[in-house]
Amino acid sequence: MKNSSNEKRIFSGIQPTGNLTIGNYLGAVKRWVKLQAEKSDTIYCIVDLHAATTWQDPRELRETTRELVASLLACGLNPKESILFNQSQVSAHSELAWIFNCVARIGWLNRMTQFKDKAGKDKEKASVGLFAYPTLMAADILAYKATHVPVGEDQKQHLELTRDIASKFNLDYKVGDFFPLPEPLIEGAATRVMSLRDGQKKMSKSDASDFSRINLNDSSDLINQKIKKAKTDPYPLPDSLDELQGRPEALNLINIYAALSDRAPETVLEEFSGREFSYFKPKLAELTVDQICPISDKMKALLKDPNYIDCILHEGSTTAAQIANPIIHEVYEIVGLIRKRSQL
Ligand code: AMP
Ligand code: TRP
């Protein structure tokens, strides 16, 4: 690990379902790479067990897992500086999730808006796993006693639940602050990148319309077309963020530009105030192509060697298990489960 004397431990996860969008990149992965450069421990997990809460074609799941590793490496994650692994290779996640299923209350889970969105109208037909998804997420984080979790805005409620589970465990078993209460890191101009077709809807890997999102593996032509067709309004860009109230599509494009160029949205508006979208959109497209296309080129090159990718996951999982296993053993001790002598 980078610096074990440092109190801060970063953990985050991402599902191997579909291509990464610019929303995932700006809301999560770009910030993961920045945090990697700081002194804290950084642990990043491909949450394949979370993906399994809705049916996945087994062959595709293996492929999308490898594709996701390739994208993360192409975005700048370095397996020498961060631990990068897939969840199912470290049994601590499922083991702790079971304990947390016994700590979390059904009422807490009933309030989760992501379950309501994903289960849709017929909740009775959703998998038990989809309902219990947030307890597995709490286990992901707390199996490492992580203190900080960089995520997009949509994960805030799950983080609050994680804190509730940690507090109740500490209290029920009278173990002080055995589990830390992890802080969400939801920062920057792009914590919620919106659909290019509807500024009220989150950009998502699973939206039926491919023109609602920019994927990290889109060609430069496609990126240009998608930005050209992005929904806007007939007014020029104003000079203050306040004036973008009620103009969600315009605000979204400004936020994307700001996050891509590492500037504040206010500064971007200063540059483009009074300009029409016919001027702004080509600039945004150029910036997007400049940042995204090199990532997709690297990703394609990396995917030519699936063995290399599997090795990274294997090594990452071994290191992750070395941190998580002793914590799980302590949890079992606390809960009163008898362990084999060799496991103590
Ligand atoms: P998921 O694709 O649901 O596994 O999400 C992976 C990470 O990307 C999480 O931290 C999400 O909060 C973040 N994320 C997903 N979609 C967006 C979006 N449209 N804007 C900002 N962050 C996002
Ligand atoms: N639930 C997150 C999402 O859908 C992914 C995730 C799983 C996660 N476990 C995590 C994120 C732990 C942060 C920490 O995006």
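A polar contact is taken here as a pair of N or O atoms within 3.5 Å, and within protein one atom must be able to donate a hydrogen and the other to accept it, while residues adjacent in sequence count only if both atoms are side-chain atoms. The structure is a predicted model, in which local features need pLDDT of at least 70 and side-chain atom pairs count only at pLDDT 80 or more, whereas totals for chains, interfaces and linings use all residues. Residues are numbered from 1 along each chain as its sequence is written, chains are lettered from A and ligands numbered from 1 in the order in which they are written, and side-chain values use heavy atoms, with hydrogens and water left out.

Rolling a probe the size of a water molecule over the atoms shows where empty space is left. The search runs on a 1 Å grid over the protein atoms alone: a cavity is a set of points where a 1.4 Å probe fits but cannot get out, a pocket is an open set with protein on both sides within 12 Å along at least five of seven lines, and lining residues have an atom within 4 Å of a point. Grid points are joined across faces, edges and corners, and a volume is the space filled by probe spheres set on the points.

The largest pocket holds about 1,200 Å³ of space. Its lining comprises 42 residues, and those nearest the centre of the pocket are Gln114, Lys118, Asp154, Gln155 and Lys202. Two or more lining residues come from each of β1 (9-14), α1 (22-36), α2 (48-51), α6 (113-119) and α7 (128-142), where helices (H or I, at least four residues) and strands (E, at least two) are DSSP runs, numbered from the N terminus. Helix α1 supplies the largest share of this lining, with five residues. By class, the lining has 14 nonpolar, 20 polar and eight charged residues, with Ala, Val, Leu, Ile, Met, Phe, Trp, Tyr, Cys and Pro counted as nonpolar, Asp, Glu, Lys and Arg as charged, and the others, Gly among them, as polar.

Which pocket does ligand 2 sit in? Ligand 2 sits in the largest pocket, a molecule being placed in a cavity or pocket if more than half of its atoms lie within 2 Å of its grid points. The shell around ligand 2 numbers 13 residues, of which Gly13, Tyr133, Met137, Asp140 and Gln155 are the closest; a residue counts as near if one of its heavy atoms lies within 4 Å of the molecule. Helix α7 gives the most to this shell, with four residues, and the shell as a whole divides into seven nonpolar, five polar and one charged. Two side chains approach a nitrogen atom of ligand 2 with a polar atom, that of tyrosine 133 at 2.8 Å and that of aspartate 140 at 2.7 Å. On the oxygen side, a polar side-chain atom of glutamine 15 lies 3.5 Å from an oxygen atom of ligand 2. The protein covers 91% of the 370 Å² of accessible area that ligand 2 has on its own, with accessible areas taken from the Shrake-Rupley method with a 1.4 Å probe, and for residues only the protein chains shown counting as cover.

Ligand 1 takes up space in the largest pocket as well. There are 17 residues around ligand 1, with Gly152, Asp154, Val193, Met203 and Lys205 coming nearest, and the largest share of the shell, four residues, is from α1. This shell contains six nonpolar, seven polar and four charged residues. An N or O atom in the side chain of aspartate 154 is 2.5 Å from an oxygen atom of ligand 1, and such an atom in the side chain of asparagine 24 is 3.0 Å from an oxygen atom of ligand 1. Valine 193 contributes through its backbone, a polar atom of which is 2.8 Å from a nitrogen atom of the ligand. Of the 480 Å² of accessible area that ligand 1 has on its own, the protein covers 92%.

Enclosed space is also found: a search of the whole structure gives two cavities of 30 Å³ or more. The largest cavity has about 80 Å³ of space, and among its 13 lining residues the closest to its centre are Gly18, Asn19, Leu20, Glu67 and Ser71. Helix α3 (residues 58-74) provides the largest share of that lining, four residues. The second largest cavity, with about 50 Å³ of space, is lined by Met112, Gln114, Phe115, Lys118, Leu130, Tyr133, Pro134 and His158.
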